[in-house]
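Student: I am new to this structure and would like to go through it slowly, one question at a time. Could we look at it together before we begin?

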Amino acid sequence: MTQILIIEDEERIATFVAKGLKAAGYATLHARTAREGYDLAIGAEPELIVLDLGLPDEDGMSLLSRMRGSGVTAPVIVLTARKSLDDTVAALEGGADDYMAKPFGFDELLARVRLRLRSEASVDVSELTHGAVTLNLLTRRAVVGGKEVELSAREFTLAETFLRHPDAVLSREQLLSQVWGYDFDPGSNVVDVYVRYLRGKLGAERIQTVRGVGYRFVADS
Ligand code: CA
């Protein structure tokens, strides 16, 4: 089983990431400090590392360079609350493979995890197809009935979430946490708005409203 190390002191985010990764079939390890993270990165040889930059005992960037210096070659996805582009560039130059700015939607992180692991192993699904709808997860392009359809990043992630759970009823809360992230206002109607956008692009009949519950993607419409 592919093992992913999460180095993150914030319990809520670590749990959110670990739960999602486990549901996607990965094994997870969790470190709350840089010290613990370094030991696990060396000792457990995880296939991928999710690294928070703001750790209590050491800056994540400095930990990253120590890990690289000690021969840790696993891809590293950096989590950063810092909005500044400089930090991101520094992280990528310092040996990170990718980054996510908090807050992020889980599917967005999962897409990057898969992409990073794929460039290591190259045995994963790169396309999701149900009925006339195909999503290419590498190029983030959508094709409906043989025609390419332009989707925004959010719309794509929402469509991907639906296609990963064909015929299942997904609640607004599930869609919010998968697509928009853990700290989006649960009272927001953003899901309904984006479902409407997506219906316009994929075909209205493909996404059913399940009254009082949420939405369902119809696999064969
Ligand atoms: Ca932190």
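Student: Is Arg206 buried, partly exposed or exposed?

Tutor: This is a predicted model, and the values discussed here are computed from it. The side chain of Arg206 meets that of Glu205 in a salt bridge, with 3.8 Å from N to O, and Glu205 is partly exposed at 46% relative accessibility. Arg206 has a relative accessibility of 12%, and because the cut-off for this class is under 20%, Arg206 counts as buried.

Student: Which residues are joined into one network by salt bridges that share partners?

Tutor: By the rule used here, the count comes to 16 salt bridges. Where such bridges share partners, they join one network made up of Asp98, Glu108, Arg112, Arg116 and Arg154.

Student: How far apart in the helix are Glu108 and Arg112, which form a salt bridge?

Tutor: The closest N and O atoms of Glu108 and Arg112 are 4.0 Å apart, and each of the two residues counts as partly exposed, Glu108 at 24% relative accessibility and Arg112 at 24% as well. Both belong to helix H5, which covers residues 106-121. Because they are four residues apart in that helix, the separation between Glu108 and Arg112 is about one helical turn.

Student: Glu108 also forms a salt bridge with Arg154, so how many residues apart in sequence are the parts that this pair ties together?

Tutor: In this salt bridge the closest N and O atoms of Glu108 and Arg154 are 3.7 Å apart. Glu108 lies in helix H5 whereas Arg154 lies in helix H6 (residues 153-164), so the pair ties together parts whose distance along the sequence is 46 residues.

Student: Which residues coordinate the calcium ion?

Tutor: The donors of the calcium ion follow the spacing D-x42-D-x1-G along the chain. The coordinating atoms are at 2.2 to 2.4 Å, and they are OD of Asp9, OD of Asp52 and O of Gly54.

Student: Of these, is Asp52 buried or exposed?

Tutor: Gly54, which also coordinates the calcium ion, is partly exposed, with a relative accessible area of 38%. Asp52 has a relative accessible area of 3%, and because a value under 20% falls in the lowest class, Asp52 is buried.

Student: What is the volume of the largest cavity?

Tutor: The structure holds one cavity of 30 Å³ or more. The volume of the largest cavity is about 40 Å³.

Student: Which helix supplies the largest share of the lining of the largest cavity?

Tutor: The lining is formed by Ala111, Arg114, Leu115, Arg118, Leu137, Leu138, Glu160 and Arg164. H5 and H6 each supply at least two residues of this lining, and the largest share, four residues, comes from H5.

Student: How many charged residues does the lining of the largest cavity have, and from which domains does the lining draw at least three residues each?

Tutor: By class, the lining of the largest cavity has four nonpolar residues and no polar ones, while the number of charged residues is four. As for the domains, the lining draws at least three residues from each of domain 1 (3-121) and domain 2 (127-217).

Technical notes:
Residues are numbered from 1 along each chain as its sequence is written. This is a predicted model: local features need pLDDT of at least 70, side-chain atom pairs count only at pLDDT 80 or more; totals for chains, interfaces and linings use all residues. Side-chain values use heavy atoms; hydrogens and water are left out. Donors are N, O and S atoms within 2.8 Å of the metal (3.2 Å for Na, K and Ca); water is not among the atoms, so sites may look incomplete. Buried means under 20% relative accessible area, exposed over 50%, partly exposed in between (1.4 Å probe, protein chains only). On a 1 Å grid over the protein atoms alone, a cavity is a set of points where a 1.4 Å probe fits but cannot get out, and a pocket is an open set with protein on both sides within 12 Å along at least five of seven lines; lining residues have an atom within 4 Å of a point. Grid points are joined across faces, edges and corners, and a volume is the space filled by probe spheres set on the points. Ala, Val, Leu, Ile, Met, Phe, Trp, Tyr, Cys and Pro count as nonpolar, Asp, Glu, Lys and Arg as charged, and the others, Gly among them, as polar. Domain bounds come from an automatic or database domain assignment.
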